[in-house]
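Here's a quick walk through one model, written for someone who'd rather be at the bench. Have a look at the structure first, then read on.

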Amino acid sequence: MSNTDNETIQFDCFRGCAVTHDEETGETNCAYRVGCCKLGDRNWLKDANDGTCPNFFEVRFKNTRKGIYVNDSPQSIHQGDLVIVEATNGQDLGIVTLEGPIVLRQMKSRGIDPETAELKKIYRKARQTDIEKWQMAIAREQDTMIKARRIAAEMGLEMKIGDVEFQGDGTKAIFYYIADGRVDFRQLIKVFAEEFKIRIEMKQIGARQEAGLIGGLGVCGRELCCANYITSFQSISTSAARCQDLSLNPQKLAGQCGKLKCCLNYEVANYLDAQSRIPRVSEPLEFKDGLAYLRKTDILREIMYFSYDKNSDANLYPLDAYDVREIIKMNRNGVRPESLREEPEPAAPEFVTAVGDDSISRFDSPKKKKSHGGRGNRNRGRGGKSGRGGQNKPSE
C-alpha cells in the first residue's frame with residue numbers, strides 16, 4: 001500500500017488491479033494492472049484487430065478464474081474495463097483482459113465453438129456504486145475464510161478451505177476446499193448460510209490448483225508454473241525423474257503443493273529421444289586387454305563411460321553411443337577390439353555464450369601487480385653495495 005497527497009493506493013494481485021481511494025471525495029477507483037493476473041495471456045494479436053470478433057471478451061475474476069463472455073450491451077467495451085456480467089445467481093463484476101482476434105484463439109484452445117456455444121453476457125460497464133459494493137465484498141473474504149476453517153474443524157470434517165471468493169454483488173461466495181476423500185458438507189452449508197447470510201457454493205480443488213490460487217515462487221526463483229500459465233495438470237510419476245537420472249529424493253522432487261513438480265515433465269521427451277539412440281549394455285564390453293564395465297551415461301550428450309575396474313570410477317573412458325553399439329555387434333560376432341585406452345575422447349558440443357566470447361570477469365577491476373624491485377633493493381642495501389640502505393651519509 002502506498003500513500004499520495006490525497007489518495008491511498010492498494011494493489012490487489014489476486015485480481016490484477018490497483019484500487020485507489022480518494023480521501024477528499026470518498027470515491028473508489030479501480031485500474032487494471034496487466035502484470036498482476038495469474039494465468040495471464042499476452043495479446044500478441046493486438047495490432048492485428050480486423051474487427052472479426054468485436055463482441056467476444058475474456059473476463060477475469062479472482063486468481064485463476066476467468067471466462068469468455070459476449071457483449072450484450074450497446075456500450076463499447078475494451079481491455080481494462082470493469083464490467084458487470086451474468087452469473088448463475090445474480091451478477092458478478094470482472095475485468096476485461098483480452099479483446100480482438102486473440103479471443104477466438106482462446107476459445108479454440110478451450111474447445112468453445114463461437115457459433116453454438118451459449119456464452120454468458122456482459123450487461124454493462126461497472127458504475128461507482130458497483131465498484132464500492134465489490135470492494136466491500138472483497139474486504140469480507142479473509143475473515144470469512146478464517147471463520148469457515150474454524151467451523152469446519154469444530155464439525156470434525158476432514159477438509160481444508162483454501163480460499164474464499166465473493167461474487168461482485170456480495171450475495172454469494174465460492175468456498176474452495178481440499179479433501180482426500182468424499183466430504184458430506186450438507187450440514188456445513190446450512191451453518192455457513194446462517195453465519196455469513198449469503199448463498200454458498202462449495203468447489204473441490206486439488207493441491208496443484210490450490211498452489212495456483214495462492215501463488216508463490218519456486219526453487220528456481222520464478223513464479224509457480226501453476227499460477228503463471230498451466231491450465232490443465234497432467235499426471236506426473238517418478239518415472240519422469242528416473243529417465244532423467246534425477247535423485248529420487250521426495251524433498252527435492254516435490255513442489256510447494258507437496259506433489260511432484262510440474263517441471264519434471266518438461267524435458268522428458270528430449271531424454272526419451274536421446275535414450276532411444278543409446279544401446280542397452282547388459283554385459284561388459286570385451287577388449288583384448290580386458291573387460292570394460294559401464295559406469296555412467298551422459299544421456300543428452302549420448303556418451304557412455306566405461307572402466308576396466310568393475311567397482312571403481314577412478315579411470316573412466318568415454319565412448320560415443322554409436323561406437324558402443326558397433327562394439328556390441330563385434331563382440332557378438334566373436335571380434336574383440338584392441339583396447340579401450342586407445343579410443344579418442346568424443347568431441348563435446350562447443351558452448352557459445354549469448355554475449356560472445358567475452359570473459360565473465362571482464363567487469364572486474366584489474367588487480368595491481370606486485371613489484372619485487374623494492375624487496376631486491378632492500379636486500380642489496382643490507383649488504384652495503386647499493387640502494388638507500390647501502391649509501392653512507394656524508395660526514396659533517
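## The second largest pocket

In this predicted model, the second largest pocket comes out at about 520 Å³. Its lining is made up of 21 residues, and if you want to find the middle of it, look for L39, T64, R65, Q209 and T231, which lie nearest its centre. Three elements give two or more residues each to that lining: α1 (101-109), α5 and α6. The biggest giver is α5, with 3 residues.

How does the lining split by class? For the second largest pocket, you get 8 nonpolar, 8 polar and 5 charged residues.

## The largest pocket

Now for the largest pocket, which holds about 610 Å³ of space. There are 26 residues lining it, and G218, L224, C225, K261 and C263 are the closest to its centre. Elements that put two or more residues into this lining are α5 (207-214), α6 (225-228) and α8 (250-253). Here α6 has the largest share, with 3 residues.

By class, the lining of the largest pocket has 16 nonpolar residues, along with 5 polar and 5 charged ones. Note that α5 and α6 turn up in the list for the largest pocket, and also in the list for the second largest pocket.

## E210, a charged residue in α5

Helix α5 is worth another look, and E210 is one of its residues. Is E210 buried or exposed? Its relative accessibility is 11%, so E210 counts as buried. The cut-off for buried is under 20%.

What does E210 touch, once you set aside residues up to four places away in sequence? The list is K160, G162, I178 and I205.

## One face of helix α9

Next, go to helix α9, which covers residues 268-275. V268, Y271 and A274 are the buried residues there. Looking down the axis of α9, you'd see these buried residues fall within an arc of 130°, so they line one face of the helix. The general rule behind this kind of spacing is that an α-helix has 3.6 residues a turn, so residues three or four places apart point the same way.

What do the buried residues of α9 pack against? Their partner is α7 (239-242).

## A18 in strand β3

Over in strand β3 (residues 17-22), you'll find A18. With a relative accessibility of 10%, A18 counts as buried. Setting aside neighbours within four places in sequence, A18 is in contact with I9, Q10, F11, N29, C30, A31 and R33.

One of those contacts can be put in numbers: A18 and A31 sit 13 residues apart in sequence, while their C-alpha atoms are 5.2 Å apart in space.

## R124 and its partner D130

R124 belongs to strand β9 (residues 120-125). Its relative accessible area is 18%, and since the cut-off for buried is under 20%, R124 counts as buried.

Which side chain does R124 meet in a polar contact of 2.6 Å? That would be the side chain of D130. If you leave out residues up to four places away in sequence, the residues that R124 touches are S73, Q75, V83, I84, Q91 and, again, D130.

Technical notes
Residues numbered from 1 in each chain as written. Predicted model: local features only at pLDDT ≥ 70, side-chain atom pairs only at ≥ 80, totals over all residues. Heavy atoms only, no water. Buried < 20%, exposed > 50% of the residue type's maximum accessible area, 1.4 Å probe, protein only. Helix = DSSP H or I, 4+ residues; strand = E, 2+ residues; numbered from the N terminus. Arc of directions from axis to C-beta. Contact = heavy atoms within 4.5 Å. 1 Å grid on protein atoms, 1.4 Å probe; cavity = no way out; pocket = protein on both sides within 12 Å on 5 of 7 lines; lining within 4 Å. Points joined across faces, edges and corners; volume = space filled by probe spheres on them. Nonpolar A, V, L, I, M, F, W, Y, C, P; charged D, E, K, R; others polar. Polar contact = N/O pair within 3.5 Å; in protein donor to acceptor, adjacent residues only side chain to side chain.
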